[in-house]
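Here is a short tour of a protein model, written for someone new to reading structures. Keep the 3D view open and follow along as each part comes up.

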Amino acid sequence: MTNSQHYRDALKLRQAGMTIIRNAHYPQDPAFMDACDELGLFVIETTPGWQYWNNDQAFAAHVYDDIRQIMRRDRNHPCLLMFEPILNETNYPDTFAVSVVRAVHEEYPWSPVACACDSRQNGREHFDIWYCHPPTGNPDWSDKEEDSTKTYFTREFSDIVDDWNSQNSIGRAARAWGEVPQLLQALHYGNPPYKYTTVETLWEMPRKHFGGCLWHPFEYQRGYHPDPLYSGPFDAFRQEKYAYYMFASQQREQPMVFIANELTPFSPNDVTVYSNCDSVRLTIRKDGSVMTQRPDREHLAMPSPILTFPGAWSYIDDINNARNHGRDDYFLAEGFMDGKVVATHKRFPARRPARLQLAIDDGGQPLRADGSDLVTIICSVVDAHDNVRRLNNEHILFTVEGEGQLLGNEQNSGNPVAVAFGTAPILLRATTTPGTIRVKAQLVYEGNASIAPAELTVTSIAPEFKLLYDVRATPNTDAIPTAVRHVNPHEETSQVPQRQ
């Protein structure tokens with residue numbers, strides 16, 4: 001991952017209303033920690049290790065060294081909230097717990113410094129913060145908060161599975177599966193009808209249980225199971241699912257409203273809306289009918305309960321309007337605060353696909369010509385009015401010209417790309433020469449009634465630091481750089497070793 005992509009990830013999490021990140025069980029890139037400093041995200045620093053213990057003293061020595069090294073590297077980051085020096089989900093001896101807490105205090109001899117561990121693990125009495133699920137009343141998914149001297153936190157929530165082999169879960173919904181799985185996933189994270197650790201149950205807790213972390217923000221390919229992990233509010237290309245907007249509605253910094261309904265023949269009749277406003281007015285169709293709802297903050301603890309407008313969408317009514325009156329239905333959601341409209345979202349049904357549309361997802365970070373930096377380019381299938389056509393099975397062929405390279409090919413489904421939920425994403429990497437990059441997208445199978453292709457121009461800029469690299473010639477290509485290294489212009493370049 002490039003430094004810019006680490007920043008974009010942190011930015012997306014912050015925009016989703018997240019305020020704390022529990023790092024995974026390996027050292028995160030310093031660029032991610034820097035981004036958390038800048039964007040105001042707290043971080044829980046974890047120790048490498050997962051479900052494994054070895055009684056050989058050399059194993060523990062390696063773990064102690066990991067703890068000290070990662071603390072020495074990251075202890076001055078303002079984003080650091082607490083340390084998790086244990087091995088994740090591991091049955092270790094009490095002596096290990098004593099040693100890791102001592103190591104943390106030796107490496108960070110100032111006060112305060114907090115150490116966290118699971119509430120059921122050996123040596124838990126030596127730690128300041130205990131990980132546990134809130135007492136929801138479900139004995140399978142809750143813990144007792146028994147020690148008044150401890151602070152509590154939920155290290156992972158939402159990933160409830162059937163048998164840990166099949167690994168079916170309502171918390172796992174691929175974006176490509178469409179509206180209903182995404183809606184149910186978001187409800188599962190927020191406030192489902194069953195008792196489980198959710199946004200609602202976490203907000204119900206007293207302040208001594210001060211939060212929790214969702215597992216996991218981004219879809220990713222695991223090594224121990226053939227299926228990707230479809231958890232989280234983003235897919236692997238960082239495209240938002242409905243859950244993103246549910247989480248974003250829990251923050252109060254920026255007023256927002258989002259209609260989680262695509263107005264298709266298969267869309268639910270009950271329309272879900274996520275908003276952090278005091279009330280939401282939903283105008284339905286051009287007949288002007290209006291429904292207004294207020295979030296039930298009197299009976300629910302979460303900042304912005306999910307809103308549902310029953311029976312608001314009717315595909316049959318949409319057919320009648322289109323056929324008999326020649327007009328499109330639409331939904332207009334208006335969010336009110338202090339009696340004023342502060343946020344709006346409007347949706348039309350997507351009609352006949354007309355063209356492809358390309359957009360760059362760079363998070364405000366320019367593409368740098370360092371031979372490594374990359375951005376996501378998203379191709380959408382849209383109608384004549386730029387409404388995304390979610391119901392589409394086209395395949396998109398991408399071509400790149402100029403100072404860029406498309407990452408992916410037919411063997412890894414990176415090009416052509418199948419449209420899923422209306423979009424097809426690719427990764428675009430810069431060369432080492434700043435300049436113009438032209439990205440083109442067209443249907444793989446074109447015909448007389450094909451939708452129009454699209455083209456996007458991206459401009460890469462010079463890298464922040466000078467690039468030093470060897471140049472090697474090959475029989476069939478121009479000279480290409482190898483072993484690219486970023487070098488501060490004030491650094492003594494003569495001391496940089498050259499690698500072949």
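## An antiparallel sheet

Let's begin with an open sheet of 3 strands, which come in the order β8-β9-β12 and pair in the antiparallel sense. At its edges stand β8 (257-260) and β12 (307-309), each of which pairs on one side only. From one strand to the next, the twist averages 25°. Keep in mind as you look around that this is a predicted model.

Now zoom in on one pair. Strand β8 is joined to strand β9 (residues 271-275) by 4 bridges, and the two run antiparallel. Which residue of β9 stands opposite Phe-258? It is Tyr-274.

## A parallel sheet

In general, the strands of a sheet pair through backbone hydrogen bonds, and they can do this in a parallel or an antiparallel way. For the parallel way, turn to the open sheet of 4 strands with the order β4-β5-β6-β7. Here β4 (116-118) and β7 (209-214) are at the edges with a single partner strand each, so one side of each has no neighbour in the sheet. Neighbouring strands in this sheet are turned against each other by 25° on average, if direction is ignored.

Inside this sheet, 3 bridges connect strand β5 (residues 129-131) with strand β6 (residues 151-157) in the parallel sense. One spot to find is Ile-129, whose bridge partner in β6 is Thr-151.

## Strand, helix, strand

Next, look for strand β2 (residues 42-46), which runs parallel to β3 and is joined to it by 4 bridges. Ile-44 has Met-82 as its bridge partner in β3. Together with helix α3 (residues 57-74), β2 and β3 make a right-handed β-α-β unit.

Is strand β3 (residues 80-84) mostly covered or mostly open? It is mostly covered, as 4 of its 5 residues are buried.

## Two residues to compare

Follow the chain on from β3 and you reach the loop that leads to α4 (94-107), where Asn-88 is found. Asn-88 counts as buried because its relative accessibility is 2%, and buried means under 20%. Beyond its neighbours within four places in sequence, Asn-88 is in contact with several residues, including Arg-22, His-25, Trp-50 and Glu-156.

Leu-184, in helix α5 (residues 179-190), gives another case. Its relative accessibility is 40%, so Leu-184 counts as partly exposed. Leu-184 lies 233 residues from Val-417 in sequence, and their C-alpha atoms are 27 Å apart in space.

## The nonpolar cores

The largest nonpolar core has 59 residues. Which of them touch the most other members? They are Ile-67, Val-104, Phe-127, Tyr-242, Met-246, Phe-247 and Tyr-274. Take Ile-67 as an example: leaving aside neighbours within four places in sequence, Ile-67 is in contact with Thr-47, Pro-85, Val-100, Ala-103 and Val-104.

Apart from this core lies another one, of 24 residues. Among them are Ile-377, Ala-424, Val-439 and Ala-441.

## How confident is the prediction?

The chain has a mean pLDDT of 91, and 93% of its residues reach 70 or more. Residues 491-500 have a pLDDT below 50. In the model, this stretch has 11 contacts beyond near neighbours in sequence.

Conventions:
Residues are numbered from 1 along each chain as its sequence is written. This is a predicted model: local features need pLDDT of at least 70, side-chain atom pairs count only at pLDDT 80 or more; totals for chains, interfaces and linings use all residues. Side-chain values use heavy atoms; hydrogens and water are left out. Two strands pair if DSSP finds at least two bridges between them. Axes are lines fitted to C-alpha atoms, for helices over the stretch in contact, and angles run from 0 to 180 degrees between N-to-C directions. A nonpolar core is a set of buried Ala, Val, Leu, Ile, Met, Phe, Trp, Tyr and Cys residues joined through side-chain atoms within 4.5 Å. Buried means under 20% relative accessible area, exposed over 50%, partly exposed in between (1.4 Å probe, protein chains only). Contact means heavy atoms within 4.5 Å. A crossover is right-handed if, with the strands pointing away from the viewer, the path from the first strand over the helix to the second runs clockwise. pLDDT is the predictor's confidence in each residue, from 0 to 100.
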